[in-house]
Amino acid sequence: MSATWPFVARQAETAHVRALLDRGPVVVLRGGPGLGKSRLAARLAEDLAAEGVVVRRIVASAAGAQMPLAPFAALAADATGAAAVNAVLGALGVERGRPRPGPGDPLLVVDDLNLLDDASVVVLQQLIATGSIRVLATMRSQVPLSASVTAVLGGLDALGRPVEVVEVAPLADPDILDAVAGALGCPLDAPSARLLTEIAHGNPLYAREVIVAAEAAGTLREEGGVIRLSGEVQATALLEELILARLDGLAGAEREVMEMLAMGGRLPLAMLLGTAGEAALERLERVGLVTTMLGSTGTTWWVDAAHPLQRELLRARLGPVARMRVCRALAQSAAHTPPPSISPANWNLQRRAWEVRGGVEVPEDDLLAAAAHAVLAGDSGLGAELAGSAFRASGSARAALTSSWCLIERGEHDAGIAVLRQAHERTLDPWERAAIRLNVAEAYWWSGRVVAGADELHGSSDPPGPWHDLCAAQEGVFAMLSGDLDRATRHCAAYADHAHIWVRAVAAVGSALAAVYGDRIDEAVPTCQRVLDDAATSTTALLGDPSQLLAIQLIGLLLEGEVIAAQAFADQALADSAFQPSVQRRAWSTMIAGQVSAHAGRLERAIRELTEARQSWAACHVPGFAAWCGAGAARALVEVGRLSEAEAELAVVDELPLDGFGLNEFLVDLAHAWVAHGRGDRVEAVRRCVAAVERSTAGAQWTNVAIAWHDVARLGLLDEVGAAVDIDRWPPPRARLAAARSGLVRGLVDGDWMSVATAAEAFAEMGCAVYAAEAAALGGVVARRRGATAEAARLTARGTSQLAALGRILPPESTGARRRPGSNGLSARELEIARMAAAGMTNRMIAERLVVSERTVENHLYRASTKLGVGGRRQLAEALSATD
């Protein structure tokens with residue numbers, strides 16, 4: 001961290017104060033501790049000294065106030081009275097009797113004017129009276145002035161030379177974050193930025209001391225160009241002294257209010273009035289320890305600690321018994337207070353939390369309802385606390401399922417499994433036992449223990465019945481995560497209309513994601529929505545968090561090509577997650593937002609989001625998703641020219657196990673290809689691209705196939721990869737984005753500049769700015785080779801100008817070498833199959849002759865007909881005869 005924090009956002013105040021000093025003798029900077037009064041004064045002094053103005057500084061203090069003239073000791077030595085005045089004037093290079101001070105005259109800076117001893121105040125008064133110097137002083141607000149200082153300031157007013165007082169305001173949150181980024185060398189991630197600005201409350205000193213304490217405690221971590229504050233908030237001794245000094249001496253009702261705010265956060269005014277009374281609240285408000293504000297609905301008044309650190313530090317001083325006492329008081333007070341103007345569910349959640357923490361017995365149904373609301377609010381930690389209390393009291397499977405889900409969502413997989421094992425021994429209900437086995441299997445699978453997860457699904461000793469279908473449906477989800485989409489689709493389809501909503505919901509997750517990555521995105525959205533609609537009317541709650549079905553729909557929206565709409569939804573989810581304690585909720589939101597940013601060409605943002613997602617998934621002990629996100633970050637790092645960082649990110653990814661997460665394993669291959677290409681290792685880049693294409697093709701991951709071939713084209717490796725892998729195994733895409741990728745790739749392979757130009761237009765319409773610019777530039781290359789000079793110039797100009805505006809360079813030229821002269825761009829295999837069809841052979845006959853599938857024949861005929869502009873076999877025969 002930089003030893004000196006940058007001076008930010010005080011330019012207007014600096015200019016204003018300087019103008020005041022040019023007109024009058026005394027300017028006072030007034031504000032709360034830590035707002036930057038002394039820093040502002042020092043900056044002005046530095047600027048004036050650089051211009052040749054003589055500047056001297058004295059500092060008053062509470063300790064020095066007991067020693068007369070202590071602040072002037074460095075300027076006046078042991079002189080007193082008039083001798084001291086003359087000594088200070090000499091130090092400032094002036095004599096008595098100068099005209100009224102103005103620009104260029106010496107400046108005396110006085111830090112903490114309100115702490116000057118009486119003798120120093122007299123000297124200061126005489127210095128000002130000489131009319132030879134200017135004074136710039138700082139003074140804390142809400143601190144009483146001594147009688148002598150008040151007399152000096154009042155005397156200047158009486159002489160018609162009023163003191164100019166400038167209130168130093170708190171900094172805006174973006175300015176606080178700019179200062180922190182300047183000191184650390186890179187910005188904070190979003191949750192850390194939110195936390196720090198809440199704590200700083202506009203006070204740069206508070207922000208600095210929190211960062212200094214975090215650095216000393218080792219809780220600052222920098223990865224991927226952002227810094228994260230991990231663990232509990234730390235405070236330096238200076239910060240604790242500043243915050244807690246104002247709380248010392250509180251007793252009775254005032255102390256009770258501050259303790260309730262420390263444990264309960266912001267509270268309704270009516271609730272505290274009933275507990276502590278109006279007088280105590282008025283006193284706390286008057287001395288600035290609490291603030292009162294009207295809520296957003298305009299109907300409820302709220303009270304909060306004046307500074308968030310007051311809550312943090314006071315809570316840290318409360319022992320376990322004291323915390324329980326305060327929480328019971330909160331719960332009792334809330335029970336006798338009319339609900340405030342927030343949602344009843346939110347108020348009920350707060351009450352249940354206070355009751356549990358205060359040791360109050362709460363019915364299980366109430367606890368589980370509150371825990372479910374905590375999950376929806378993104379606070380799985382509170383959900384685990386409430387559901388865990390219910391499970392310890394009742395031992396029920398319902399409580400165990402909620403508690404374990406929250407624990408697993410926090411990355412505490414083994415703790416969640418332990419709760420589930422206990423519940424499995426106690427319940428006899430076959431549906432509950434099946435749900436428990438499913439959750440245990442998921443916990444194993446997500447944490448990389450794939451064999452144990454698969455075994456758990458088959459380890460039941462329960463009698464035959466429909467409850468076994470729940471674990472059977474989960475096998476389809478595991479097949480999807482492993483990358484076998486055909487198997488996942490077949491398996492989940494068998495349970496799509498099951499009588500039990502749990503089974504339908506599990507099957508929907510597997511089949512919807514298989515549809516998204518199998519280029520059947522139009523099927524995914526209704527599949528998810530059907531289950532959400534069923535859940536809205538069902539008396540049986542879904543297992544886990546239903547928001548995962550919304551996340552699937554958002555991923556589908558992106559991969560369909562609705563990038564602009566996906567960006568809006570992803571931005572909202574990302575903003576919401578910054579205010580939610582759940583690490584996994586943040587992992588989901590940053591992972592999806594990073595994918596959207598990468599497609600939209602916002603690569604620096606994508607790097608930050610995907611790196612944070614990789615860190616968050618790793619913190620949740622989900623290595624598969626962490627690897628996918630890290631691979632995306634590495635690829636984006638290469639694209640922006642940060643090769644060494646990409647190599648470092650990829651080294652982290654390579655240490656993460658991918659067992660059970662083959663669905664997007666091709667992303668790791670592509671990341672390696674980009675890094676190898678960046679190093680100039682074309683052979684390794686080709687090898688990795690071939691692996692990515694073959695891996696995704698083998699799993700029928702046609703959406704991923706489109707991504708892989710697109711990257712091959714962007715890297716300029718179509719010739720080499722096309723020689724190793726048959727591109728004709730890629731069926732005609734259904735999604736708009738996959739179709740644009742296909743149009744680009746096949747246009748390059750076939751030398752069809754119009755297809756490439758059409759792809760460029762499609763990318764632009766979808767909001768994929770970089771892809772559009774690259775495609776336009778490559779279209780220009782192909783058009784030039786085909787002799788379309790005018791179009792080549794137009795496309796090249798558009799592509800290169802757009803790439804320049806985006807800070808990118810022209811992609812490598814990538815065109816195939818499989819065209820046959822006189823065949824209108826048909827590949828050799830397309831021409832062969834087209835001639836067989838024109839001769840009257842059926843698709844099955846052609847497939848048997850060539851030893852390929854009928855689907856492959858259909859795909860070849862579709863592309864041949866499209867290129868030749870014909871709609872049937874008769875027209876196909878006529879078109880072929882015209883080209884032969």
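**View 1. Helices H10 and H14 pack together in this predicted model.** Let's start with two helices and how they cross. Helix H10 covers residues 237–244 and helix H14 covers residues 308–317. Their axes lie 10 Å apart and make an angle of about 95 degrees. Angles of 65 to 115 degrees count as roughly perpendicular, and H10 and H14 are therefore roughly perpendicular to each other. It helps to know that two packed helices are described by the angle between their axes and the distance between the axes.

**View 2. A closer look shows the residues where H10 meets H14.** On the H10 side, look for Leu239, Glu240, Ile243 and Leu244. They meet Leu309, Gln310, Leu313, Leu314 and Arg317 of H14. Sorted by class, this contact has six nonpolar residues, two charged ones and one polar one.

**View 3. Five strands form an open sheet with parallel pairing.** Reading across the sheet, the order is E2-E3-E4-E1-E5. Which strands stand at the edges? They are E2 (55–59) and E5 (164–167). Each has a single partner strand, so one side of each has no neighbour in the sheet. On average, neighbouring strands here are turned by 20 degrees against each other, direction ignored.

**View 4. Edge strand E2 pairs with strand E3.** E3 spans residues 107–111, and its pairing with E2 is parallel, over five bridges. To find your way, look for Arg57, which stands opposite Val109 in E3. As background, strands of a sheet pair through backbone hydrogen bonds, either parallel or antiparallel.

**View 5. Helix H1 packs on the sheet.** H1 runs over residues 11–23 and touches four strands: E1 (26–31), E3, E4 (134–140) and E5. The direction of H1 makes about 130 degrees with that of E4.

**View 6. Gln615 sits in helix H30.** This helix covers residues 603–619. Is Gln615 buried or exposed? Its relative accessibility is 10%; buried means under 20%, so Gln615 counts as buried. The side chain of Gln615 is joined to that of Arg228 by a polar contact of 3.5 Å.

**View 7. Stepping back, the whole chain comes into the frame.** The protein chain has 44 helices and ten strands, and its C-alpha trace spans about 120 × 75 × 45 Å along the principal axes. Of its 884 residues, 54% are buried. Among contacts between residues at least 6 apart in sequence, 68% join residues at least 24 apart.

Note on methods. Residues are numbered from 1 along each chain as its sequence is written. This is a predicted model: local features need pLDDT of at least 70, side-chain atom pairs count only at pLDDT 80 or more; totals for chains, interfaces and linings use all residues. Side-chain values use heavy atoms; hydrogens and water are left out. Buried means under 20% relative accessible area, exposed over 50%, partly exposed in between (1.4 Å probe, protein chains only). A polar contact is a pair of N or O atoms within 3.5 Å; within protein, one must be able to donate a hydrogen and the other to accept it, and residues adjacent in sequence count only if both atoms are side-chain atoms. Axes are lines fitted to C-alpha atoms, for helices over the stretch in contact, and angles run from 0 to 180 degrees between N-to-C directions. Angles under 35 degrees count as roughly parallel, over 145 as roughly antiparallel, 65 to 115 as roughly perpendicular and the rest as oblique. Contact means heavy atoms within 4.5 Å. Ala, Val, Leu, Ile, Met, Phe, Trp, Tyr, Cys and Pro count as nonpolar, Asp, Glu, Lys and Arg as charged, and the others, Gly among them, as polar. Two strands pair if DSSP finds at least two bridges between them.
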